[in-house]
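Visitor: Please take me through one part of this protein, slowly enough for a first-year student. I would like to look closely at a single strand and one of its residues, and at what surrounds them.

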Amino acid sequence: MAGWKQLEVHTEDQTPHKWSVSLSEETFRGFFANGSPTVHKIFGDGSLFSPLLFGKFFDPSDAFPLWDFESDVLLSNLRSSGKTSIDWFQTDDAYVLKADLPGAGNSTVQVYVENGKIMEISGQWKPQRDQSKAKDWRSGLWWEPGFVRRLELPEDVDWRETEAYVSNDMFLEVRIPKSTSDSGTPGNGTMTRNSD
């Protein structure tokens, strides 16, 4: 993939305490109503990281079975209005997710596979001011510097072969191959693919 940088897909959470407190709809709506244009780009209609992406409030840190749904159906209203920046589909040999990343090139993104069952895509678009004050992003205003979406992986994947790429720090593509045998079952927690 010319012009794309491969990301390392982690099997251990690099920031394990960031999502330990649930986000409420009321808290999010209050934050979003007073948000800056950057906040609206990151969490607005059609963003992978919006708690309202699927038409009702859904905490992005709760795992969502994305590939159980056709993107044409789930995002039909957003597509007709041109407001979506996400797509997912499956081919004969892989599940694919494509999404714009927030922060206009100033974000970092991490991909983490938990026990071969959950994929977490998270990142920050600016450094935290004082990490010693709020080690848990949700104990403060976790959404100011961070974003997350957790997805349930289909059962027929070879999660160890997951590949994630970014282009210009603005576009993300994740490919999760379908398993051809029993190789998709969780094992020792190591991945065979690493960053370039």
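Guide: Start with a definition. Two strands pair if DSSP finds at least two bridges between them. Strands themselves are DSSP runs marked E, at least two residues long, and they are numbered from the N terminus.

One caution before we go in. This model is predicted. Its mean pLDDT is 77, and 73% of the residues score at least 70.

Now step back briefly. The protein holds four helices and nine strands. Read from the N terminus, the order is β-β-α-α-α-α-β-β-β-β-β-β-β. The protein has 196 residues, and 45% of them count as buried.

Our strand is β3, residues 86-90. Where does β3 sit? It belongs to an open sheet of five strands, in the order β1-β8-β9-β4-β3. The pairing in this sheet is antiparallel. The edge strands are β3 and β1 (5-7), and each of them pairs on one side only. On average, neighbouring strands of the sheet are turned by 20° against each other, direction ignored.

The partner of β3 is β4. Five bridges join the two, and they run antiparallel. Together they make a hairpin, with three residues between the strands. One bridge to find on your screen: Trp 88 is partnered with Leu 97 in β4.

Follow β4 to its other neighbour. Strand β4 covers residues 94-100, and it pairs with β9, residues 171-177, in the antiparallel sense. Seven bridges link β4 and β9. At Ala 94, look across to β9 and you meet Pro 177. Confidence is highest in β9, at 95.

Back to β3, and to one residue: Asp 87 lies in this strand. Is Asp 87 buried, exposed or in between? Its relative accessible area is 26%, so Asp 87 counts as partly exposed. The buried class ends under 20%, and the exposed class starts over 50%.

What does Asp 87 touch? Leaving out residues up to four places away in sequence, the list is Ser 71, Arg 79, Val 96, Leu 97 and Lys 98. Gly 46 gives another reference point. Gly 46 and Asp 87 are 41 residues apart in sequence, and their C-alpha atoms are 9.8 Å apart in space.

Now pick Ser 71 from that contact list. The side chains of Asp 87 and Ser 71 make a polar contact of 3.0 Å. Ser 71 is in helix α3, residues 71-74, so this contact joins a helix residue to a strand residue. Ser 71 has a relative accessibility of 6%, so it counts as buried. Beyond four places in sequence, Ser 71 touches Ser 76, Arg 79, Asp 87 and Trp 88. Arg 79 therefore turns up in the contact lists of both Ser 71 and Asp 87.

Treat one neighbouring element with some care. Helix α4, residues 76-81, has the lowest confidence among the elements, at a mean of 73. Elsewhere, pLDDT stays under 50 over residues 130-140. Residues 183-196 also stay under 50.

So that is the part you asked for: an edge strand, joined to β4 by five bridges, with Asp 87 in polar contact with Ser 71.

Definitions and conventions. Residues numbered from 1 in each chain as written. Predicted model: local features only at pLDDT ≥ 70, side-chain atom pairs only at ≥ 80, totals over all residues. Heavy atoms only, no water. Axes fitted to C-alpha atoms, helices over the stretch in contact; angles between N-to-C directions. Buried < 20%, exposed > 50% of the residue type's maximum accessible area, 1.4 Å probe, protein only. Polar contact = N/O pair within 3.5 Å; in protein donor to acceptor, adjacent residues only side chain to side chain. Contact = heavy atoms within 4.5 Å. pLDDT = per-residue confidence, 0-100.
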